[in-house]
Amino acid sequence: MSSKTILVTGSSGLIGSEAVEHFDRQGHAVVGIDNNMRREFFGAAGDTLWNLERLKAATKNFTHFAVDIRDRAALGELFGSRRFDLIVHCAAQPSHDKARDIPILDFEVNALGTVNLLEATRQHSPEAVFVLMSTNKVYGDAPNEVPLKELETRWEYARAEDFEGISENCRIDRTLHSLFGASKAAADLVAQEYGRYFKMNVGVFRGGCLTGPSHSGVELHGFLSYLVKCTVTGGKYKVFGYKAKQVRDNIHSHDVIRAFEEFAKNPRPGEVYNMGGGRENSVSMIEAIDLIQEKTGNRIQWTYKDEARKGDHICYISDLRKFQNHYPGWQITRSLNSILEEMVDAQKQHKSA
Ligand SMILES: NC(=O)c1ccc[n+]([C@@H]2O[C@H](COP(=O)([O-])OP(=O)(O)OC[C@H]3O[C@@H](n4cnc5c(N)ncnc54)[C@H](O)[C@@H]3O)[C@@H](O)[C@H]2O)c1
């Protein structure tokens, strides 16, 4: 890519900050917007200012604005002042449990904020590639209808044809989403529409568990990051339901951004892709606890409540074949093992800082 101007929303968050660093390293001009709303959602532990400071020190051509994506006037000003080639939209209220307490705010940020950005793009940078970080929660609890079998440490798909995991053909309506899943599904649909109806270069990526060292991990969001944090700092961890055998697939933020990069080179308007770690990077709760204990040498104090979170997936593995088929240049480069090691190191450094 020759030098481009790239907008990253949620630039102080896990995925946004990875995007900022990645594209800055390649010599592009990166504009980030983040109003540190994660702190408002999750309290001091969710504060992302440390990550913003880290980014400012680590980048060459990064400009940050504390703009709220709900603020259409501020977005109009920003989009009016420069033309963007790529927009990576990661700002969100990201927790389904939290959405229950703040349904209107959740919808305003996730759904309306997304329309605001899509429309600003259509008005000012209609040729730009627009990437929406969506979520597998748009499928609600429909993935739980896939027949499962119980193994010693995890739930597993019972039928051979489900081995690769959940594909984009899973339905997104007539299922229990949580309010977060519903606001993200609204954003996901509107984004598809800007691709299909307006023929803009929009891609929608439905994330599994996204991880990396730059997560401001809190109990309500970022399970691996929070689990590592509790193990390193001696905090307590609560597991909810499914005998602690629920399975998640984990993808490193670097591999997510690499997927966006491949899409941006050759966009397919309105396409939807599942984006997670796939089977190789899948792990159950019990397995994750064992692995992290092994890596840290600490024992984690965890308790179990035999009541699953509403709408929580029992076994979710992203079927990555559609994206790999459309973009053969992309693959998972970070194994679960290396993800965990990096997180443990980052947490230890954070603790001693
Ligand atoms: N982390 C995961 O496991 C996961 C899984 C699936 C999908 N996703 C999606 O990926 C995206 C990024 O997630 P993340 O893990 O990086 O979250 P994050 O909370 O680390 O980052 C989001 C950032 O957006 C900012 N923000 C929130 N509201 C804002 C607003 N109104 N205006 C400006 N900035 C605002 C926050 O301050 C935060 O820094 C989200 O859309 C999330 O739903 C995440």
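Here are some short exercises on the structure above, each with a worked solution.

**Before you start**

This is a predicted model, so local features need pLDDT of at least 70 and side-chain atom pairs count only at pLDDT 80 or more, while totals for chains, interfaces and linings use all residues. Residues are numbered from 1 along each chain as its sequence is written, and side-chain values use heavy atoms, with hydrogens and water left out.

**Exercise 1. The whole chain**

Task: work out how many helices and strands the protein chain has, and what its radius of gyration says about it.

Step 1. Count the DSSP runs: helices are H or I runs of at least four residues, strands are E runs of at least two, and both are numbered from the N terminus. You get twelve helices and 14 strands.

Step 2. Now take the radius of gyration (over C-alpha atoms) and the globule rule (2.2 Å times the number of residues to the power 0.38). The chain comes out at 19 Å, close to the 20 Å that the rule gives for 353 residues, so it is as compact as a globular protein of that length.

Step 3. Check the cover. Buried means under 20% relative accessible area, exposed means over 50%, and partly exposed is in between (1.4 Å probe, protein chains only). Buried residues make up 59% of the 353.

**Exercise 2. Strand β1 and its partners**

Task: find which strands pair with β1.

Step 1. Recall that two strands pair if DSSP finds at least two bridges between them. Strands of a sheet pair through backbone hydrogen bonds, either parallel or antiparallel.

Step 2. Look at β2 (residues 29-33): five bridges join it to β1, and the two run parallel. One bridge pair here is L7 with V31.

Step 3. Look at β4 (residues 86-89): this strand also runs parallel to β1, with four bridges joining them. T9 has H89 opposite it in β4.

Step 4. Add helix α1 (residues 14-25), and β1, α1 and β2 give you a right-handed β-α-β unit. Right-handed means that, with the strands pointing away from the viewer, the path from the first strand over the helix to the second runs clockwise.

**Exercise 3. Zooming in on L7**

Task: decide whether L7 is buried or exposed, and say which residues it touches.

Step 1. Place L7: it sits in strand β1, where four of the five residues are buried.

Step 2. L7 counts as buried because its relative accessibility is 0%.

Step 3. List contacts (heavy atoms within 4.5 Å). Leaving out residues up to four places away in sequence, L7 touches V31, I33, L78, F79, F84, L86, I87, V88 and L117.

Step 4. Compare sequence with space: L7 and I87 are 80 residues apart in sequence, yet 4.7 Å apart in space, C-alpha to C-alpha.

**Exercise 4. A three-strand sheet**

Task: explain why β9 and β13 each have a side without a neighbour in their sheet.

Step 1. Write down the strand order of this open, mixed sheet: β9-β11-β13.

Step 2. β9 (209-211) and β13 (282-284) stand at the edges with a single partner strand each, so one side of each lacks a neighbour in the sheet.

Step 3. Check one pairing: β11 (residues 247-252) and β13 are antiparallel over three bridges, and D249 stands opposite S282.

**Exercise 5. Two positive phi values**

Task: say where N36 and K199 lie.

Step 1. N36, with phi near 60 degrees, is in the loop between β2 and α2. N36 is buried, at 14% relative accessible area.

Step 2. K199, with a positive phi of about 60 degrees, is in the loop between α7 and β8. K199 is exposed, at 62%.
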